[in-house]
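Student: I have a new protein model open and would like to learn how to read it. Could we go through it together, one question at a time?

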Amino acid sequence: MKRILLFLATNLAVVLVLGIVMNIVFSVLGISTRSVGGLLVFCAIFGFGGSIISLLISKWMAKRSTNAQVITTPRNQTEAWLVDTVARQAKAAGIGMPEVAIYHAPDMNAFATGAKKDDALVAVSTGLLDNMTRDEVEAVLAHEVSHIANGDMVTLTLIQGVVNTFVMFLARIIANVISSSMSNNNENGQGMGTLAYMATVFVLEMVFGILASIIVMWFSRQREYRADEGSAKLVGKEKMINALQRLGGSREPEMEGSLMAFGINGKRSMSELFLSHPPLEKRIAALRAR
């Protein structure tokens, strides 16, 4: 609950700040959101603004939401091994050394996040360290390092920004048509049209948001295949296959929000369309087919 509230509060703060800034800028530049061009600019700023700000603060949010402890000076052999392993993999992948952290959670998982390839974070759960062999942990770390090397955090942010823009834009265009029609056909006129507009935007954004999430989740699943392949190149495909097989018998991950998309293991769902990660058996089959 704490992580969910923090996630919602951050998004609300971003929207409020952007709203104030946008009103000032639009007033100064004379841009009207009533025109199609002005509305598209409005939606693009909000759509990309939220995604980009979330990316820029992703490391801070990840540390706060998971209570991850960054390893500055290793206190034991496990921490020393983690740092050395990530350093070796980062060098092989051609990226800067990420911060390495451990967070307390019973599920076997790990994630990578950060706005830049040379300033990222790789974190692993205590559940993963307690239940996997070192070869399997090494493969999981290589998977996360591959996410960073592939620039997945930035690419997913840009895709989310485009999707957000068109969800907001299309919802308002259609709502304008519907509310105008209701205003013309109702003697209450403008008041009824305004209520219809607000209600329609709300409903359409929900519907379009669900449909748009299918696109984002499809890209996320392709990204997982590439990260698995990157791990296989760094440490060998058998290690990665063994790690995925171990995950097959684990409990469902507890991570929420954007962190879920960059974990090694994803949530279960009734439909693959809404999965951020492909089913483990498909990931294993893809690796075996390499």
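Student: Which helix does H147 lie in?
Tutor: Happy to help, and keep in mind that this is a predicted model. Look for the helix that covers residues 134-149. H147 falls inside that stretch, so the helix is α6.

Student: Is H147 buried or exposed?
Tutor: A residue counts as buried when its relative accessible area is under 20%. For H147 the relative accessible area is 0%. That is under the cut-off, so H147 is buried.

Student: And E224, where does that lie, and is it buried or exposed?
Tutor: E224 sits in the helix made of residues 190-235, which is α8. Its relative accessibility is 0%. With the cut-off for buried at under 20%, E224 is buried.

Student: Which residues does UniProt list for "binding site"?
Tutor: Good thing to check, though the UniProt entry is an unreviewed one. Two of the residues it lists are already familiar to us, H147 and E224. Adding the remaining name, the record gives H143, H147 and E224.

Student: Why do they gather at one spot?
Tutor: In sequence, these residues span 82 residues. Even so, no two of their C-alpha atoms are farther from each other than a set limit, so they gather at one spot. That limit is 8.5 Å.

Student: How many cavities of 30 Å³ or more does the structure hold, and how much space lies in the largest?
Tutor: Rolling a probe the size of a water molecule over the atoms shows where empty space is left. The structure holds one cavity of 30 Å³ or more. The space in the largest cavity is about 40 Å³.

Student: Which element gives the largest share of the lining of that cavity?
Tutor: The lining consists of G114, A115, K116, K117, I148, G151, M153 and V154. Two elements give two or more residues to it, β3 (110-116) and α7 (152-184). The largest share is three residues, and these come from β3.

Student: How do the lining residues divide into nonpolar, polar and charged?
Tutor: Sort the lining by residue type: K116 and K117 are among the lining residues, and Lys counts as charged. Gly counts as polar, and G114 and G151 are in the lining too. The full division is four nonpolar, two polar and two charged.

Student: Now for the whole chain: how many helices and strands are there, and what percentage of residues count as buried?
Tutor: The chain has eleven helices and four strands. It is made of 290 residues. The share of these that count as buried is 46%.

Terms used. Residues numbered from 1 in each chain as written. Predicted model: local features only at pLDDT ≥ 70, side-chain atom pairs only at ≥ 80, totals over all residues. Heavy atoms only, no water. 1 Å grid on protein atoms, 1.4 Å probe; cavity = no way out; pocket = protein on both sides within 12 Å on 5 of 7 lines; lining within 4 Å. Points joined across faces, edges and corners; volume = space filled by probe spheres on them. Buried < 20%, exposed > 50% of the residue type's maximum accessible area, 1.4 Å probe, protein only. UniProt positions renumbered as here; feature names shortened; annotations may be inferred.
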